[in-house]
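Please open the model in a viewer and keep the sequence panel at hand. The tour proceeds by selection, and each stop states what is to be found there.

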Amino acid sequence: MTNYVNSKKNFKCVPALQQFYTGGPFRLSSDASFLVCACNDELKVVDLATGSVKNTLEGDSELIVALALTPDDKYLFSASRSTQIKLWDLSSATCQRTWKAHNGPVADMACDASGGLLATAGADRNILVWDVDGGYCTHSFRGHQGVVTTVIFHPDPHCLLLFSGSDDATVRVWDLVAKKCISVLEKHFSSVTSLAVSENGWNLLSAGRDKVVNVWDLRDYHCRATIPTYEPLEAVCVLPSGSRLVSVMNQSRTLPETQKKSGAAPVYFLTVGERGIVRIWYSEGALCLYEQKSSDAIISSDKDDLKGGFVSAVLLPLAQGVLCVTADQRFFFYNLDESDEGKCDLKVSKRLIGYNEEIVDLKFLGDEEKFLAVATNLEQVRMYDLSSMTCVYELPGHTDIVLCLDTVVFSGHILLASGSKDHTVRIWDTESKSCICVAAGHMGAVGAVAFSKKAKNFFVSGSSDRTIKVWNFASIPDLGGISKSIKLSSQAAVAAHDKDINSVAVAPNDSLVCTGSQDRTARIWKLPDLVPILVLRGHKRGVWCVEFSPVDQCVMTASGDKTIKIWALSDGSCLKTFEGHTASVLRASFLTRGTQFVSSGADGLLKLWTIKSNECIATFDQHEDKIWAMAVGKKTEMLATGGSDSLVNLWHDCTATDEEEALLKEEEVALKDQELLNALADTDYVKAIQLAFELRRPYKLLNVFTELYSKGHAQDQVQKVIRELGKEELRLLLEYLREWNTKPKFSHVVQFVLFQLFNVLPPTEIIEVQGISQLLEGLIPYAQRHYSRLDRLMRSTFLLDYTLSSMSVLSPTETNLSSSNLLARTADPPHAQIDQFHQTHFPEPNLTPRQSLLDSGNTNSVEVTAPRAKKKRLSGSNSEKTTVAEVKIGDMEDAFDRPDVVDQSSSKKHKPASSKKRKPKALGNDSVKGSASGNAVTIALQV
């Protein structure tokens, strides 16, 4: 008996790793809750708790070059290469003001302690001070001979001093009251990169690329001390004397007595630079209190090719730690770590990666799948914690870019294999974070690696040298006790393809291995001796990915010809071909016990397929470029995808959740439907209309409006509902009215609702409705057509006078209309004339012709019953007969207009029925038919 397998239908995407920093300026909030970073021409606001992007502020298509935060963290200033400065409200993520500052790019910006002044330093050698509230320039300073690289205000808001450093190796002090330079500090021999003011406000520290830090006395502006650091510096930060960092450093190291007795107040400060290490200094005697033993930022160990180093540093709140930024867009959060022996050290507590470049490969680690290994265009492998999506550690060791990854659990240890362009494969123990094995032997870049699935003690590698090799590490005695990596030797090797090998897969029973190559073929080999068995031919482009089915004797291949094929292992025949991608298919993997699979391609799409039906049941578009990497969790079947857009997305199966939500939604709709019926039964029309809007029931809504219209006194209820409608509901109502207005039988209800709508809402509010012009364009023509038809109908009802008088059912005095009376009557509105006629000739409860015509809802015909006049004996007959008259509308109108027509009811004599009558003039097919029988006259008016 086979177990029932629930097919997957949908995945929910959660952006895990996003690009938020591409180098340049950044600012940390005062409480270290968020970070604002420059990302090309955009600004990203990053939540430091989760590492996710909270907001994105759109720029002006030019790179961001400078940033500044107000002390209360409510406003942000940004400057781009377009020389435009923008003021942003971070609470609403909107730009409040834009102005042009300098004639060149802005190099640095700073806000004073009060938040009311902004200083900008430009490449045009000028320094400008701006009033933030007023939006105008208050000071303009010029004096530097080079680009102004850094600028800061004095931290005391009562001390109105401004400090600037430049490429001309000078530091200038500007008095904001006197509006002039009061001192030029010349002691550096290279560009000044950073400035800081001491805790007491009487010392200024300046650091530069000349490898020294100068301490200046602000009383007389002389240089108190010069501290050599022996590395080009990028940042200097003053440490408060009462901070935890300083107290721990003082306890761990005793200061000389001569320095303790010095009269000048000592300054503790921190420096970072090209070496990528953090050092803490004591100004008196140029004493280094702390220095990191190794760098977390340096990537290459080659001294001639150093990559990395710190480019900036910022103290965390209360000086509990320090944030350092590297040249390759990595953020290191250092906190003080005290050991049991009393020693202290700065340890990395968190890593944030601002820019991952291209994601080359991904793999989930362990049975619990709590970590994700990521290979990018770098020499390290980065490990991310899936709960917080922060980089917990890195695995350095390769000397070139890592191209492929695979993982296995062996002897209780989670092992990770990485293949690189340095022609080697390294095996890492993720628990000890060390390399335990190195497999060297390929002559080209290793682009594919796969562990054994059953024995889990060997792996297969494929290279651009067109060979595959089998490596065995079962002979290693104790993985946990290895202090130095062991070199492995290949057990088998074979020249497998004519071009580069892109993918390698081992069968679930370890008996076969499949390889895919750029030579358009996939080959099946028998392990452990790599004996060739099958050659799978059929693709028109290179094969990018191969994978064995977990349940069937078949293998799947993905190719650059935009197709995925499934092959039988028995004879190598192609069983199925799947088409749907618009570009090369780069990755494919089985899901749901082999009944489904998921594929990713160079078109940036992720597709979910069902093998039995040969159809794609879902397509997901969450990447902007090629999806090079895809990982599938074995336990949870969670997906991870990464590509050229440096974005990593996590995909969770939400099929069951969607079904539950759909069921809950159906139940909610059923309850609201019942509430709607109850409201109609209770004549609670306001609630009924609101429910009809919520449920999107236009037919129910029309029925409610029709019932309200028939009551005649429902204007208040309709107006109350219209007042409570939002912009979207108002637009929806107008759409419904536009559709209903196309049918004549609903036109009277539509005009009733429109009349109430235009009476209640002002025009200024109506024109704010989205698409109002198109909605009115659809309403006006049909409304004009309906009014034209009603106008013709009302004019036709005047013919009833002539018809009744011609049939002699009214007395002469009642129908004696002089020309003056006729003109006076035609001057009144048509409905007033008809009402007057009705009141004169038709007592209640009979309806007037106009009311009977309009209120019936049928504007094409009307039947009117009137009291019959006194019977008359017609000539030519002695018996009473029923008189039937048919009068053409054109003839009736002609009779009203011609003065020679005499009222037939005033004559006592009648012509014989057989006498020849004048042929009436006919206009169209409109006619009035009447019949007289008994004591009543019935007239049918056809329009």
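The stops below follow the numbering of the chain in this predicted model.

**First stop: the sheet β6-β7-β8-β9**

Select β6 (64-69) and β9 (94-100), the edge strands of an open sheet. This sheet has four strands, ordered β6-β7-β8-β9, and its pairing is antiparallel. Because β6 and β9 each have a single partner strand, one side of each is left without a neighbour in the sheet. From one strand to the next, the twist averages 20°.

Add strand β7 (residues 75-80) to the selection; five bridges join this strand to β6, and the two run antiparallel. Within this pair, L69 stands opposite L76 of β7.

Next, centre the view on C95, which lies in strand β9. Is this residue buried, exposed or partly exposed? C95 has a relative accessibility of 33% and therefore counts as partly exposed. Beyond its neighbours within four places in sequence, C95 contacts K86, L87 and W88. Display E58 as well: C95 and E58 are separated by 37 residues in sequence, while their C-alpha atoms are 9.2 Å apart.

**Second stop: the hairpin β20-β21**

Select strand β20 (residues 212-217) together with strand β21 (residues 222-228), an antiparallel pair with six bridges. One bridge to inspect links N214 to T226 in β21. The two strands form a hairpin with four residues between them. In the turn, Y221 has a positive phi of about 60°.

**Third stop: the sheet β47-β48-β49-β50**

Move to another open sheet, in which four strands follow the order β47-β48-β49-β50 with antiparallel pairing. Its edges are β47 (543-548) and β50 (574-579); each has a single partner strand, so one side of each lacks a neighbour in the sheet. Neighbouring strands here are turned against each other by 20° on average, direction ignored.

Within this sheet, select strand β48 (residues 554-559) and strand β49 (residues 563-568), which pair in the antiparallel sense over five bridges. A558 is placed opposite I564 of β49.

**Fourth stop: helix α3 and its surroundings**

Select helix α3 (residues 655-681), which has 27 residues. From its first C-alpha to its last, α3 reaches 39 Å, close to the 39 Å expected at 1.5 Å a residue. Colour T655, L676 and A679, which are buried in α3. The buried residues of α3 pack against β57 (648-653), α4 and α5 (698-711). Just after α3, T683 takes a positive phi of about 55°.

**Fifth stop: the crossing of α4 and α6**

Show helix α4 (residues 685-695) and helix α6 (residues 715-723), whose axes come within 9 Å and cross at roughly 40°. The two helices are therefore oblique to each other. The crossing of α4 past α6 is right-handed. To see the contact, display Y685, V686 and I689 of α4 with Q717, K720 and V721 of α6.

**Last stop: helix α10**

Finally, select helix α10 (residues 772-797). How far apart are its end C-alpha atoms? They are 37 Å apart, which agrees with the 38 Å that its 26 residues should span at 1.5 Å a residue. Colour its buried residues, among them I772, L775, G778, L779 and A783. Further along α10, the buried residues include H786, R789, L793, M794, S796 and T797.

Note on methods:
Residues are numbered from 1 along each chain as its sequence is written. This is a predicted model: local features need pLDDT of at least 70, side-chain atom pairs count only at pLDDT 80 or more; totals for chains, interfaces and linings use all residues. Side-chain values use heavy atoms; hydrogens and water are left out. Two strands pair if DSSP finds at least two bridges between them. Axes are lines fitted to C-alpha atoms, for helices over the stretch in contact, and angles run from 0 to 180 degrees between N-to-C directions. The expected span of a helix is 1.5 Å times one less than its number of residues. Buried means under 20% relative accessible area, exposed over 50%, partly exposed in between (1.4 Å probe, protein chains only). Angles under 35 degrees count as roughly parallel, over 145 as roughly antiparallel, 65 to 115 as roughly perpendicular and the rest as oblique. A crossing is left-handed if the near helix is turned anticlockwise from the far one by less than a right angle, and right-handed if clockwise. Contact means heavy atoms within 4.5 Å.
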